[in-house]
Amino acid sequence: MGNQVISLINKFEALLKKIAAVCLIGMALLTGADIISRGVLNTPIFGVEDIVAVLAVLTTGLALGYAENQKANIGVEFLYSKMNARTRRIVKIITTSLSVALFGLVTWRLYLYGCSMRESGEVSMTLELPTDMVIFALTFGFGCFTLTLLKELIMLFKGEE
């Protein structure tokens, strides 16, 4: 059962990584097209700021799980390397447990924030895109990030680092 859950989380990470990559490429292409449109046609692309902002949020939020899985995060390696293996394992369990709790809370609060944005009908300034959808997508990204941390915690308890 545990290996199936880990496999499912890994599939979510891979899917979100691909979506984040598409968002990043979309930001680059849209920004480039807007620059060319302003320079050549002297006309900006309408709503490009809204779209790029949404894509930036999605890129960041959806790539969190993959970045964690790849250990592409900032760590205090100098202090950590001075510890013995047992102490490092204990510190890793404590920090990962706290991270699961923190980002679980962030996910829950983002969901509640998205619900309040949906109720109020909040939209973006130029294109009037519903902001609750972006917040819910970000919530999903943080939820998957929390699951990635939980997967790491399970692996730590199983002795698989």
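In the predicted model, confidence varies between the elements of the chain: helix α3, residues 77-81, has the lowest mean pLDDT, at 72, whereas helix α4, residues 85-120, has the highest, at 93. Over the chain as a whole the average pLDDT is 89, and 94% of the residues score at least 70. Where pLDDT is low, the predicted coordinates should not be read in detail.

The packing of α2 against α5 was examined next. The axes of α2 and α5 lie 8 Å apart and enclose an angle of about 10 degrees; because angles under 35 degrees count as roughly parallel, α2 is described as roughly parallel to α5. On the α2 side, the contact is made by V54, V57, L58, G61, L62, L64, G65, E68 and N69, which meet V134, A137, L138, G141, F142, F145, T148, L149, K151 and E152 of α5. By class, the residues of this contact of α2 with α5 comprise eleven nonpolar, five polar and three charged.

Empty space within the model was then considered. A search of the whole structure returned one cavity of 30 Å³ or more, and the largest cavity has a volume of about 30 Å³. Its lining consists of E13, L16, K17, L62, G65, Y66, G141, C144 and F145, with α1 (2-41), α2 and α5 each supplying at least two of the lining residues. Five of the residues lining the largest cavity are nonpolar, two are polar and two are charged. Among the residues of this lining, L62, G65, G141 and F145 also take part in the contact of α2 with α5.

The second largest pocket contains about 210 Å³ of space, and its lining is formed by D50, A53, V54, V57, S124, L129, P130, T131, V134, I135 and L138. Two or more of these lining residues come from each of the helices α2 (48-69) and α5 (131-158). The lining of the second largest pocket divides into eight nonpolar residues, two polar residues and one charged residue. V54, V57, V134 and L138, which are among the residues lining this pocket, likewise appear in the contact of α2 with α5.

Notes
Residues are numbered from 1 along each chain as its sequence is written. This is a predicted model: local features need pLDDT of at least 70, side-chain atom pairs count only at pLDDT 80 or more; totals for chains, interfaces and linings use all residues. Side-chain values use heavy atoms; hydrogens and water are left out. On a 1 Å grid over the protein atoms alone, a cavity is a set of points where a 1.4 Å probe fits but cannot get out, and a pocket is an open set with protein on both sides within 12 Å along at least five of seven lines; lining residues have an atom within 4 Å of a point. Grid points are joined across faces, edges and corners, and a volume is the space filled by probe spheres set on the points. Helices (H or I, at least four residues) and strands (E, at least two) are DSSP runs, numbered from the N terminus. Ala, Val, Leu, Ile, Met, Phe, Trp, Tyr, Cys and Pro count as nonpolar, Asp, Glu, Lys and Arg as charged, and the others, Gly among them, as polar. pLDDT is the predictor's confidence in each residue, from 0 to 100. Axes are lines fitted to C-alpha atoms, for helices over the stretch in contact, and angles run from 0 to 180 degrees between N-to-C directions. Angles under 35 degrees count as roughly parallel, over 145 as roughly antiparallel, 65 to 115 as roughly perpendicular and the rest as oblique. Contact means heavy atoms within 4.5 Å.
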